[in-house]
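Open the model in a viewer and keep the selection panel at hand. The stops below say what to select and what is found there.

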Amino acid sequence: MSPRAGHAGHPPRTLAFVESPVQLLNVLEWAHLHGLRGAEPDPLPGTDPLPSVPAQVRRKVAGDPPQTGAELTVVVLSPTDPMTRGQLRRMADLARDEGYRVRWEEARGGTTAPFSTIGGLAGSLRRADRIVMGDPFSRYVQLLLTITRAKDLVVVDDGTATMEFVAQLARGERLVRWHRKGGRPGARDLLFAPVSSSARRRLTPSARRRVEVFSSMPVTETPDGVTVTANDFSWTRARFGPPRITKGADMVGTSLVETGVVDADAYFAAVRHLAKTHGATRYFAHRRESTDKLHRLAVETGLEIVRPDLPLELIARRGPIGRTILSFPSTVVHTLPLALAGTGVRVAVCDIDPAWLTENASPRAQGFLSGVTGTARDVHRLAAVTRLA
């Protein structure tokens, strides 16, 4: 999307909302691809006070001219779990190093936090020419969309959920996460329905509004008028690596147990089998995996549990990383081959056997997970582990 928004002679005022480290990574990738550059330092109320020296400050000290171009302010709607917060703080530092503003909001820090956050952001939302968001399913983001007057809306990857978002938008369906169980909407869904419907209308292109989807995921159903831009992780590859490659295999964890999609015992048995078969030694935990689950995995499999402090794409690119990376159907089967292009690392994905699914899994779960695996490029596909003894 070219920087057409904004007033004559001024760069577009771009406001990005993120709730996870991967979303912030993909905002940086989007900004890099579109040539957005850091604005002059201007501390904002609520700016996260982590000790970091913005890149443009270092340039001024060195005597270089300041950067010019479109301004980007990243608003972190901070979650409560410590792992996600820690990764987001590290990613916020990287965003500052690129010269972007970061505004940290304790958006879930108590019953009054949402009202305070929305009230504090209302002015910026009305002035913004372009809104970038990482999770259009988020009720927080949907509520913020009702306030903005921006003519340019951008959705960056939030993992595999982006595939479902684009498909639902193309079919004119209400926005519902793929792992939510089918059936009638609950009371909270009904209460929030007008806001969700308004968000869907705003995310539908029109003569007055442009919509871009920036994704490394396969997009098979493109809504009319939506611009789809490929994310090839060029910023990640330019900024990190190439990594040192080890001889062994590493395994990537998933939160499918935590979301109620996959049975825990079946998952443990599958991890044991894959680790033994492929000689895996490390298990990179998903940020949402519980401590109890990870302790059990360490005891039962002997794997070294690693809790990454950055998104896995950056961890793998920095290295060291195994020559083979084992994964279940997830975002990384699409993103890691891009981030690790040219390194010789092989990504292998294990299908989810239907017998692993819980009785509470959405009816769409099996088809969606199969689609995640089947549409992945440059990966080695492993058969599902059917014998779980």
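A charge is said to sit over a ring if NZ of Lys or CZ of Arg is within 6 Å of the ring centre and within 35 degrees of the ring normal. Select Arg-89 and Trp-104: the charged end of Arg-89 sits over the ring of Trp-104, 4.2 Å from its centre.

This is a predicted model, in which local features need pLDDT of at least 70 and side-chain atom pairs count only at pLDDT 80 or more, while totals for chains, interfaces and linings use all residues. Residues are numbered from 1 along each chain as its sequence is written, and side-chain values use heavy atoms, with hydrogens and water left out.

**The whole chain**

Show everything as a cartoon. The protein has 13 helices and 13 strands; these are DSSP runs (helices H or I, at least four residues; strands E, at least two), numbered from the N terminus. Of the 389 residues, 53% are buried, where buried means under 20% relative accessible area, exposed over 50%, and partly exposed in between (1.4 Å probe, protein chains only). A contact means heavy atoms within 4.5 Å. Among contacts with a separation of 6 or more, 73% are between residues 24 or more positions apart. The accessible surface comes to about 17,100 Å², and carbon and sulfur atoms hold 52% of that; areas come from the Shrake-Rupley method with a 1.4 Å probe, and for residues only the protein chains shown count as cover.

**Helix 4**

Select residues 113–127. The expected span of a helix is 1.5 Å times one less than its number of residues. For the 15 residues of helix 4 that gives 21 Å, and the end C-alpha atoms are 22 Å apart, which agrees. Where is the kink in helix 4 centred? It is centred on Leu-121, with an angle of about 40°; the bend at a residue is the angle between axes fitted to the seven residues ending there and the seven starting there.

Now colour the buried residues of helix 4: Ala-113, Thr-117, Ile-118, Leu-121, Ala-122 and Leu-125. An α-helix has 3.6 residues a turn, so residues three or four places apart point the same way. The cover over the buried residues of helix 4 includes strand 1 (13–18), strand 2 (71–77), strand 3 (101–105), strand 4 (130–133) and helix 5 (139–145).

**Aromatic pairs**

Rings of Phe, Tyr and Trp (its six-membered ring) pair if their centres lie within 6.5 Å; planes under 30 degrees apart count as stacked, over 60 as edge-to-face and the rest as tilted. By this rule there are four aromatic pairs. Select Phe-137 and Phe-165, an edge-to-face pair at 6.3 Å centre to centre with 85° between the planes. Phe-137 is in the loop between strand 4 and helix 5 and Phe-165 is in helix 6 (residues 161–171), so that the pair links parts of the chain 28 residues apart. Phe-137 is buried, at 7% relative accessible area, and Phe-165 is buried at 1%.

Move to Tyr-267 and Phe-328. Their ring centres are 5.2 Å apart and the planes are at 45°, so this pair is tilted. Tyr-267 lies in helix 9 (residues 264–278) and Phe-328 in the loop between strand 11 (321–327) and helix 12 (332–339), so the pair ties together parts 61 residues apart in sequence. Add Trp-356 to the selection: ring pairs link Tyr-267, Phe-328 and Trp-356 into a cluster. Lys-293 is also worth showing, with its charged end over the ring of Tyr-267, 4.4 Å from the centre.

**Helix 12 and helix 8**

Select helix 12. Seven of its eight residues are buried, so helix 12 is largely enclosed by the rest of the structure. One of the buried residues is Ala-339. Ala-339 is also in contact with Thr-236, which is in helix 8 (residues 234–239). Thr-236 counts as buried, at 0% relative accessibility. Other contacts of Thr-236, leaving aside neighbours within four places in sequence, include Leu-25, Glu-29 and Arg-317.

**Backbone exceptions**

Most residues other than glycine have a negative phi, and most peptide bonds are trans. Phe-233, not a glycine, has a positive phi of about 60°. Phe-233 is in the loop between strand 7 (227–230) and helix 8. A cis peptide bond joins Gly-241 and Pro-242, with omega about 5°. The bond from Gly-319 to Pro-320 is cis as well, with omega near -5°; Pro-320 lies in the loop between helix 11 (312–318) and strand 11.
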